[in-house]
Amino acid sequence: MSDLDLLTQSLARNVKRWRTERGFTLDTLAARAGVSRGMLIQIEQARTNPSIGTVVKIGDALGVSITTLLDYEQGPKVRIVPAEQVVRLWHTEAGSYSKLLAGTEAPGPLEMWNWLLMPGEGSGSDPHPVGTVEIAHVTAGELTLTVEGTEYRVPAGASVTFEANAAHEYANRGDVPTELVLTVSVPPVRH
């Protein structure tokens with residue numbers, strides 16, 4: 001089988017998979033992507049090799065990357081993120097930080113973070129989309145989670161879950177560093 005055949009079959013399988021996971025009909029996806037229903041049918045049946053522009057439109061409409069749509073892998077998918085590829089997105093001079101450890105689409109974006117909050121520091125967040133859930137497990141110190149103005153104390157060894165479609169803040173009000181692992185689950189794009 002040629003590389004082009006593999007790509008065509010991967011695209012067919014992945015477009016159908018993500019369209020189904022998003023709960024989109026062919027007509028819904030066609031309208032969202034600005035691609036004809038006939039073109040989508042040909043893509044899902046692996047009968048055409050669409051332009052990269054068409055693949056980009058479909059990926060945008062599904063809320064997934066081109067890489068995800070063209071992924072060759074079949075069967076259980078395992079992805080190891082080496083330590084040197086962990087992304088540090090936020091940090092302070094005092095040493096607080098957040099690191100994105102790994103992420104995936106399952107069926108919406110799912111992220112796992114490692115946070116370190118030095119004494120007296122914190123990081124606030126605007127509300128996420130309705131249906132977003134965050135789970136934090138405190139491994140050291142004590143986390144002060146504030147959701148819509150209400151403070152919750154979460155000691156080392158404890159975990160907390162909450163609906164993150166409200167303003168919230170992670171803070172360390174103690175005198176020793178607070179470390180936590182945080183998981184964020186965002187709902188899939190719906191029509």
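Helices, in the sense used here, are DSSP runs of H or I with at least four residues, numbered from the N terminus. Thr-8 lies in one of these, helix α1. The structure described is a predicted model, and the account below begins with the helices before turning to the strands and a pocket.

Thr-8 has a relative accessible area of 13% and is therefore buried, since that term applies under 20%. Leaving aside residues up to four places away in sequence, Thr-8 touches Ala-46, Thr-48 and Asn-49. One of these partners, Ala-46, is placed in the loop between α3 and α4. Ala-46 counts as partly exposed because its relative accessibility is 31%. The backbone of Ala-46 also deserves mention, as this residue has a positive phi of about 55° although it is not a glycine. Most residues other than glycine have a negative phi.

The UniProt entry, which is unreviewed, annotates residues 15-69 as "domain: HTH cro/C1-type". In the model, this stretch of chain is 71% helix and 0% strand. Its end C-alpha atoms are 6 Å apart.

Gly-23 lies in the loop between α1 and α2. With a relative accessible area of 31%, Gly-23 is partly exposed. The C-alpha atoms of Gly-23 and Pro-129 are 18 Å apart in space, while the two residues are 106 apart in sequence. Helix α2 comes next, and its buried residues are Leu-26, Thr-28, Leu-29, Ala-30 and Ala-33. These buried residues pack against α1, α3 and α4. Just after α2, Gly-34 takes a positive phi of about 70°.

Helix α4 spans residues 52-62, and its buried residues are Thr-54, Val-55, Ile-58, Gly-59, Ala-61 and Leu-62. Because they cover an arc of only 165° around the axis, these residues are on the same side of α4. An α-helix has 3.6 residues a turn, so residues three or four places apart point the same way. The buried residues of α4 pack against four helices, namely α1 (3-22), α2 (26-33), α3 (37-44) and α5 (66-69). On the face of α4 turned away from the buried side are the exposed residues Ile-52 and Asp-60. Gly-63 follows α4, and its phi is positive, near 75°.

Further along the chain, strands are considered. Strand β2 covers residues 97-105 and contains Ser-98. Ser-98 counts as buried because its relative accessibility is 3%. Not counting residues up to four places away in sequence, Ser-98 touches Val-87, Arg-88, Leu-89, Trp-90, Trp-113, Asn-114 and Trp-115.

Tyr-170 lies in strand β9. At 3% relative accessibility, Tyr-170 is likewise classed as buried. Its contacts, again without residues up to four places away in sequence, are Trp-115, Leu-117, Gly-122, Ser-123, Glu-134, Ala-136, Leu-143, Thr-144, Leu-145, Phe-162, Leu-180 and Leu-182. For one of these partners, Leu-145, the separation in sequence from Tyr-170 is 25 residues, whereas their C-alpha atoms are separated by 4.9 Å.

An exposed residue is found in the loop between β6 (142-147) and β7 (150-155), where Glu-148 is placed. The relative accessible area of Glu-148 is 64%, which means that this residue is exposed, the threshold being over 50%. Glu-148 has a positive phi of about 50° although it is not a glycine.

The second largest pocket of the model has a volume of about 210 Å³. Its lining consists of 16 residues, of which Trp-115, Ser-125, His-128, Glu-134 and Leu-182 are the closest to the pocket centre. Two or more lining residues are given by each of the elements β3 (109-117), β4 (122-125), β9 (168-171) and β10 (178-185). By residue class, the lining divides into seven nonpolar, six polar and three charged residues. Among the residues closest to the centre of this pocket are Trp-115, Glu-134 and Leu-182, and these three also appear among the contacts of Tyr-170. Trp-115 is in addition one of the residues touched by Ser-98.

Methods
Residues are numbered from 1 along each chain as its sequence is written. This is a predicted model: local features need pLDDT of at least 70, side-chain atom pairs count only at pLDDT 80 or more; totals for chains, interfaces and linings use all residues. Side-chain values use heavy atoms; hydrogens and water are left out. Buried means under 20% relative accessible area, exposed over 50%, partly exposed in between (1.4 Å probe, protein chains only). The arc is that of the directions from the helix axis to the C-beta atoms. Contact means heavy atoms within 4.5 Å. UniProt positions are given in the numbering used here, feature names are shortened, and annotations may be inferred rather than shown by experiment. On a 1 Å grid over the protein atoms alone, a cavity is a set of points where a 1.4 Å probe fits but cannot get out, and a pocket is an open set with protein on both sides within 12 Å along at least five of seven lines; lining residues have an atom within 4 Å of a point. Grid points are joined across faces, edges and corners, and a volume is the space filled by probe spheres set on the points. Ala, Val, Leu, Ile, Met, Phe, Trp, Tyr, Cys and Pro count as nonpolar, Asp, Glu, Lys and Arg as charged, and the others, Gly among them, as polar.
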